Amino acid sequence: MTLLLVSDGGLERSACLLMAEALEQQGQRCITAGPKLQGHQPLAIPPQQLNIELQHLAAHPLVDQVSAIGLFLQNPDQIQPFIQAHQSLCSARGRPAATVFSGPLVPLVGDALIRDLTLRMGCDLLLVSGEHQRRQLQSLTFNWPASLPVPPVISTGFWFAKTAPCAPAQQPLLLALIQERIPTHIGARDQLLRQLNSWAQQRPTWTVMLQRDHSWSSPRALLPSDAPRANNLVEAPPEQLLPLLGSCTACLSVSSPWSLAAMAWGRIPIMVGDYGIHDEQNTTGFFGCGAMHRLRSIPNLDAVSELPMSNRAWLDGMGAEITDGPDRLLRALKQIARRNER
C-alpha cells in the first residue's frame, strides 16, 4: 500500500512524519507532501518529500500512484474541494479514486466536533484522537438521515511521540505556551505576559520560558515594552518546542494543543481558566482535565510544584491510552480496500 500524507502546518506536518515513520516500519510506502512552511517554526521539522500547493496536488501525476490519501490541513474547508477535484480527475481517467482519510489532530468536543465533521463528510475514513470523540460522534449522529452517511470513525491516539524527548531539567522551568489569537479578550494576552514576568521576578531560581506554539515572522518581542523584563524570563528561539516540553517542570497555556503532550509526558499542567470555558477560547475540550487554575490562585512559582497532574481518566479518553494508532489506521484502510473490490 502506498499512502500520500498531506499537511500544511507545523503540527500537521509533525504528525504526518510520525505517522509515515510508523507505517513504513510495517512495510508501507509513505509520501509526505504539502506547501513549504513559512516563517519561524516552533518545531524542528524535516522537509516533506513533495513541495506543492494543495490546489495543484489533485492533478499531480504522483496521486495516480497512491492507494490512500491522508489530508491533515489547518483549514478543513479545503478538504471537500480537493476530494471533488480528485474524484473528477480519476473518473475522467477511468481509474478508481484513492481512499481519502482525515481528521482533527486536536481533540474536539460538542459543537466543535460536529462542525469539523461536516467539513470532512466526503472522506472515506475519519480519524479522531480518543474514544471519547468516537463515542460522542456516534451519539451525536445516530439519528441522522441516510442521505447524510457518516464515514467510519476510528480512534488513533495523539499526534506526538508517546515518550518525551528528554528528562525534566534540574533547575525548575515553567514553559508558557503563547498562542497566536488566544486569549481573545482585549489586553488579556499582555496581562498574562505581565503575570509571567512578575512570577519570574519573584522567584529567580525558576526560569520562565515563553514559547510560541505557532509559526511567526515578526521579530517583535512578546513582552510589552512598558514592562521591565525579569532576567530569568526568556523567549524561546525557533524549533525548540519539543525539547522544552520534555525538559520543563510545568507547562502553562490557555488552550494550546501541545499542553496535551506535557500532560501525557508527566509534566505539571496549568490550563489558565481565567477566560472561562468557551469555544472562542478553545477551552471546551479541556473541561474535566483537572488542571484548570485561575492565575490569582497561584501565589508564586514555588506553588506550581504543588499543583496536581491532569485527570488520567480524562487524558486516556482523549487519546493517551491508544498506543497502536498506525495499526488501527492500516487495518481500517485494508478493510475499505477489500470492500471496494467486491
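**Two parallel sheets and a helix pair**

Let me start with one residue pair: Thr2 has Arg29 as its bridge partner in S2. The model is predicted, so local features need pLDDT of at least 70 and side-chain atom pairs count only at pLDDT 80 or more, while totals for chains, interfaces and linings use all residues. Residues are numbered from 1 along each chain as its sequence is written, and side-chain values use heavy atoms, with hydrogens and water left out.

On terms, helices (H or I, at least four residues) and strands (E, at least two) are DSSP runs, numbered from the N terminus. Two strands pair if DSSP finds at least two bridges between them.

Back to the sheet. Strand S1, residues 2–7, runs parallel to strand S2, residues 29–34, and 5 bridges join them. They belong to an open sheet of 7 strands with parallel pairing, in the order S3-S2-S1-S4-S5-S6-S7. At the edges stand S3 (50–51) and S7 (153–155); each has a single partner strand, so one side of each is left without a neighbour in the sheet. Helix H3, residues 79–93, packs on this sheet and touches S4 (68–72) and S5 (99–102). Contact here means heavy atoms within 4.5 Å. The direction of H3 makes about 160° with that of S4; axes are lines fitted to C-alpha atoms, for helices over the stretch in contact, and angles run from 0 to 180 degrees between N-to-C directions.

The second sheet is also open, with 6 strands in the order S10-S9-S8-S11-S12-S13 and parallel pairing. Its edge strands are S10 (233–235) and S13 (292–293), each with a single partner strand, so one side of each has no neighbour in the sheet. Within it, 6 bridges join S8 (173–178) to S9 (207–212), and Leu175 has Met209 as its bridge partner in S9. Helix H6, residues 188–202, packs on the sheet and touches S8, S9, S10, S11 (250–253) and S12 (268–272), its direction making about 170° with that of S8.

Now the helix pair. H1 (10–24) and H10 (325–341) pack at an angle of about 70°, with their axes 9 Å apart. They are therefore roughly perpendicular to each other, a label that covers 65 to 115 degrees. H1 contributes Met19, Ala22 and Leu23 to the contact, and H10 contributes Pro326, Leu329 and Leu330.

Next, two loop residues. Asp124 sits between helix H4 (110–118) and strand S6 (125–128). Asp124 is partly exposed at 27% relative accessible area; buried means under 20%, exposed over 50%, and partly exposed in between, with a 1.4 Å probe and protein chains only. Asp124 and Ile336 are 212 residues apart in sequence, yet 8.1 Å apart in space, C-alpha to C-alpha. Leaving out residues up to four places away in sequence, Asp124 touches Ala98, Thr99, Val100, Pro151, Pro152 and Ile336.

Ser310 lies in the loop between S13 and helix H9 (312–320) and is buried, at 13%. With the same exclusion of residues up to four places away in sequence, Ser310 touches Met263, Pro269, Cys289 and Leu315.

That brings me to the cysteines. How many disulfides are there? The count is 0, where a disulfide is a pair of cysteine sulfur atoms within 2.5 Å. For Cys289, the closest cysteine sulfur is in Cys251, 12 Å away and too far for a bond. Cys289 is buried, at 0% relative accessibility. For Cys16, the closest is in Cys30, at 9.5 Å, again too far.

Methods. Parallel < 35°, antiparallel > 145°, perpendicular 65-115°, else oblique.
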